[in-house]
Amino acid sequence: MSRIAYFGPIGTFTEQAARTFTTPGDELVAAETIPQALDAVRKGEADAACVPVENSVEGAVPATLDSLAEREPLIGVAEALLPVHFSVLTREDAGEIRTVASHPHALAQVRQWLEENLPGARAVAAGSTAAAAVAVQAGEFDAAVTAPVAVEHYPLKVLATEVADVRDARTRFLLMRKPPVTLPDPTGADRTSLVAAAANRTGTLAALLTELATRGINLTRLDARPNKQNFGEYRFFIDFEGHVAEPRIADAVSALRRRCRDVRFLGSFARADGVRATIEPAARNEDFADADGWVAAVQRGEQA
Ligand SMILES: O=C(O)C(=O)C[C@]1(C(=O)O)C=C[C@@H](O)C=C1
């Protein structure tokens with residue numbers, strides 16, 4: 001049985017994502033914030049944590065990136081990808097809707113709908129979509145933009161459903177564990193994630209990306225977040241196709257470590273979208289194995 005902490009409270013999209021990682025007997029534990037969900041694993045209060053990492057409309061979730069880059073390292077072992085559309089909930093007795101609350105990533109995905117349908121309402125950031133529903137119940141706000149499932153947990157009136165400025169918007173979630181972990185086996189449709197605190201020197205990021213490009217490895221995400229120490233210094237979050245167990249990826253990760261000592265491995269795991277890696281000629285695992293074998297023979301004086 002595992003305890004899985006998730007960005008809550010109950011009724012968030014992250015709870016729905018966490019449910020996709022559970023097996024019978026597992027327990028879901030709501031955390032008020034993303035850092036608290038991850039810290040529950042670091043403190044041994046949970047075996048894993050499910051957190052949102054990026055959305056197809058609003059991009060990466062800053063609280064997740066910062067919390068994965070700071071404090072004790074955690075390793076991603078799985079991801080989930082959920083379609084995202086929203087419900088707008090209000091109290092039965094609500095009069096005019098003057099305030100609408102939700103997670104900033106949710107508000108960003110319904111901005112146009114709010115302008116068109118609730119033009120007089122002020123959008124207010126809440127801790128999460130479900131936290132916004134709790135606040136509406138408490139009378140703090142007039143309406144909440146929530147996951148469709150939230151109305152099952154918070155007895156509010158449904159003002160609108162299927163709300164989304166962008167059809168087919170999706171959010172990706174990670175399942176993080178505390179090392180040592182057993183990495184999931186490679187599938188051929190994997191993602192590896194790293195964060196590198198690149199020095200503020202010209203060309204540092206280019207050098208890191210070149211190590212991937214010259215090995216024919218496709219990037220799937222690149223985000224920068226301030227390192228919060230020195231103005232203008234950033235952490236780079238680099239996701240790319242492949243699994244660190246593959247010789248071709250191990251060779252690239254080794255090169256990234258040589259280029260940037262302050263690099264943190266955030267996991268290798270199957271892509272939720274199942275997209276298989278595209279591998280350039282001469283960049284296959286067998287090419288790396290052949291080259292390594294050939295160099296070893298040269299080093300033994302057996303190969304000219
Ligand atoms: O607030 C929630 O319900 C969450 O799970 C967070 C979150 C996010 O961080 O993007 C997840 C999916 C949606 O994009 C809106 C909010």
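Tutor: A polar contact is a pair of N or O atoms within 3.5 Å. Keep that cut-off in mind for this predicted model.

Student: What makes the approach of phenylalanine 13 to the ligand a polar contact?

Tutor: A polar backbone atom of phenylalanine 13 is 3.0 Å from an oxygen atom of the ligand. The cut-off is 3.5 Å, so the pair counts as a polar contact.

Student: Which polar side-chain atom lies 2.9 Å from an oxygen atom of the ligand, and which lies 2.8 Å from one?

Tutor: The 2.9 Å value belongs to glutamine 109, and the 2.8 Å value to threonine 171. Both pairs are within 3.5 Å, so both are polar contacts.

Student: How much of the ligand does the protein bury?

Tutor: The protein buries 100% of the 360 Å² that the ligand exposes when taken alone. The ligand also sits in the largest cavity. That wording is used because more than half of the ligand's atoms lie within 2 Å of the cavity's grid points.

Student: What makes a residue part of the group around the ligand, and which come nearest?

Tutor: A residue needs a heavy atom within 4 Å of the ligand. There are 13 such residues, and Phe13, Thr14, Gln109, Thr129 and Thr171 come nearest.

Student: How do the residues of the shell divide into nonpolar, polar and charged?

Tutor: Four are nonpolar, nine are polar and none is charged. Glycine counts as polar in this scheme. Helix H1 (13-19), strand E3 (48-55) and helix H4 (104-109) each supply at least two residues of the shell.

Student: How do you know that the ligand lies between two domains?

Tutor: Domain 1 (1-83 + 170-181) and domain 2 (87-161) both give residues to the shell, so the ligand lies between them. The chain also has domain 3 (183-303), and the C-alpha centres of domain 2 and domain 3 lie 41 Å apart.

Student: Where are the cis peptide bonds that involve proline 9 and proline 180?

Tutor: One joins glycine 8 and proline 9, with omega about 5°. Proline 9 is in the loop between strand E1 (3-7) and H1. Another joins proline 179 and proline 180, also with omega about 5°. Proline 180 is in the loop between strand E11 (170-177) and strand E12 (190-196).

Student: Why remark on the phi of glutamate 162?

Tutor: Phi of glutamate 162 is near 55°, a positive value in a residue other than glycine. Most residues other than glycine have a negative phi, and most peptide bonds are trans. Glutamate 162 lies in strand E10 (residues 157-163).

Methods. Residues numbered from 1 in each chain as written. Predicted model: local features only at pLDDT ≥ 70, side-chain atom pairs only at ≥ 80, totals over all residues. Heavy atoms only, no water. Polar contact = N/O pair within 3.5 Å; in protein donor to acceptor, adjacent residues only side chain to side chain. Areas by Shrake-Rupley, 256 points an atom, 1.4 Å probe, with all protein chains shown as cover. 1 Å grid on protein atoms, 1.4 Å probe; cavity = no way out; pocket = protein on both sides within 12 Å on 5 of 7 lines; lining within 4 Å. Helix = DSSP H or I, 4+ residues; strand = E, 2+ residues; numbered from the N terminus. Domains from an automatic or database assignment.
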